[in-house]
Amino acid sequence: NAEYMGGLRHSHLQSMSQQSVPLRVPLASPGLGHQLLHGYLALLAKHPVRTKATTAAFMSVISDVISQRLNKNNSNKPLNTVSIRNQFMVGLLLRGPAIHYWFSFLERQFQKSSLKGGQLALAKMVIDQGLFAPVFISLYFIIIGTLEGKSTDAIYEKWRKEFRSVLLRNWSVWPIANLVNFRFVPPHLRVLFGNVVSLFWTIYLISRTR
């Protein structure tokens, strides 16, 4: 009987061991992702402008690194750290804060609007692309030119030469992106969504202003 009971206990412990091992693996990954998301959302709630500005800065750096590596003339050269620094500053001082305050302004303008759903998103997109986009693009030319040490005349000449084509290309990308953003993304995550799209847009923008 003792041998029989001992065998049962050994079999039971072995079965529990076999069942418990696979349960630990799938729980680890979602837990980490949840913690990272929870931490980011907590930072957004506590320091919205600082968090969005920092996120935009690092996304701008990624764009610049990719842009440098895609440039066949620079693909085998060391990374241009000055260019990376400039894009970091643009994201930190311009892209993140400006879009945060602009989106907040848009939300306030439509608080009492009778427009809903897709119509509301369309109205916001039209105002965004008609008013904000030209100003933002112009500010980008000014700030990046200043960081690069260009003269006022050189900055203006670069803006005069490239502004129209950049704005038209902007209108081929951002209206659709912002329709999705304004329609489906919660307000506190809209700058983050824009930063993800900007990861690719900034690669193009760098190529036109460098």
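This is a short tour of the structure, one selection at a time.

**Stop 1: the whole chain**

Keep in mind that this is a predicted model. Show the full chain as a cartoon. What secondary structure does the chain have? It has 6 helices and 0 strands. Trace it from the N terminus and the elements run α-α-α-α-α-α. Now colour by burial. Of the 210 residues in the chain, 35% are buried. Next, think about contacts between residues at least 6 apart in sequence. Of these, 74% join residues at least 24 apart.

**Stop 2: helix α5**

Select residues 152–184, which form helix α5. Put a distance line between its end C-alpha atoms. The helix spans only 41 Å. A straight helix of 33 residues would span 48 Å, at 1.5 Å a residue. Now look along the helix for a bend. Where is the kink in α5 centred? It is centred on Glu 162, and the kink is about 45°.

Stay on α5 and show side chains. Glu 162 itself is among the buried residues of this helix. Others include Phe 163, Val 166, Leu 167, Asn 170 and Trp 174. Further along, Pro 175, Ala 177, Asn 178, Asn 181 and Phe 182 are buried too. Many of these labels sit a few places apart, so recall one general point: an α-helix has 3.6 residues a turn, so residues three or four places apart point the same way.

**Stop 3: what covers α5**

Add α3 (81–109), α4 (117–147) and α6 (190–209) to the view. These three helices are among what covers the buried residues of α5.

Hide everything but α4 and α5. Their axes are 8 Å apart, and the helices pack at an angle of about 150°. An angle over 145° counts as roughly antiparallel, so α4 is roughly antiparallel to α5. The crossing of α4 past α5 is right-handed.

**Stop 4: helix α6**

Select α6, residues 190–209. Is this helix largely enclosed or largely open? It is largely enclosed by the rest of the structure, because 14 of its 20 residues are buried. This helix has a kink as well, of about 40°, centred on Leu 199.

**Stop 5: Met 59**

Keep Leu 199 on screen and select Met 59. This residue lies in helix α2 (residues 48–70). Its relative accessibility is 19%, so Met 59 counts as buried. Which residues does Met 59 touch, leaving aside neighbours within four places in sequence? They are Asn 195, Val 196 and Leu 199. Last, add Leu 192. Met 59 and Leu 192 are 133 residues apart in sequence, yet their C-alpha atoms are 9.8 Å apart in space.

Notes:
Residues are numbered from 1 along each chain as its sequence is written. This is a predicted model: local features need pLDDT of at least 70, side-chain atom pairs count only at pLDDT 80 or more; totals for chains, interfaces and linings use all residues. Side-chain values use heavy atoms; hydrogens and water are left out. Helices (H or I, at least four residues) and strands (E, at least two) are DSSP runs, numbered from the N terminus. The expected span of a helix is 1.5 Å times one less than its number of residues. The bend at a residue is the angle between axes fitted to the seven residues ending there and the seven starting there. Buried means under 20% relative accessible area, exposed over 50%, partly exposed in between (1.4 Å probe, protein chains only). Contact means heavy atoms within 4.5 Å. Axes are lines fitted to C-alpha atoms, for helices over the stretch in contact, and angles run from 0 to 180 degrees between N-to-C directions. Angles under 35 degrees count as roughly parallel, over 145 as roughly antiparallel, 65 to 115 as roughly perpendicular and the rest as oblique. A crossing is left-handed if the near helix is turned anticlockwise from the far one by less than a right angle, and right-handed if clockwise.
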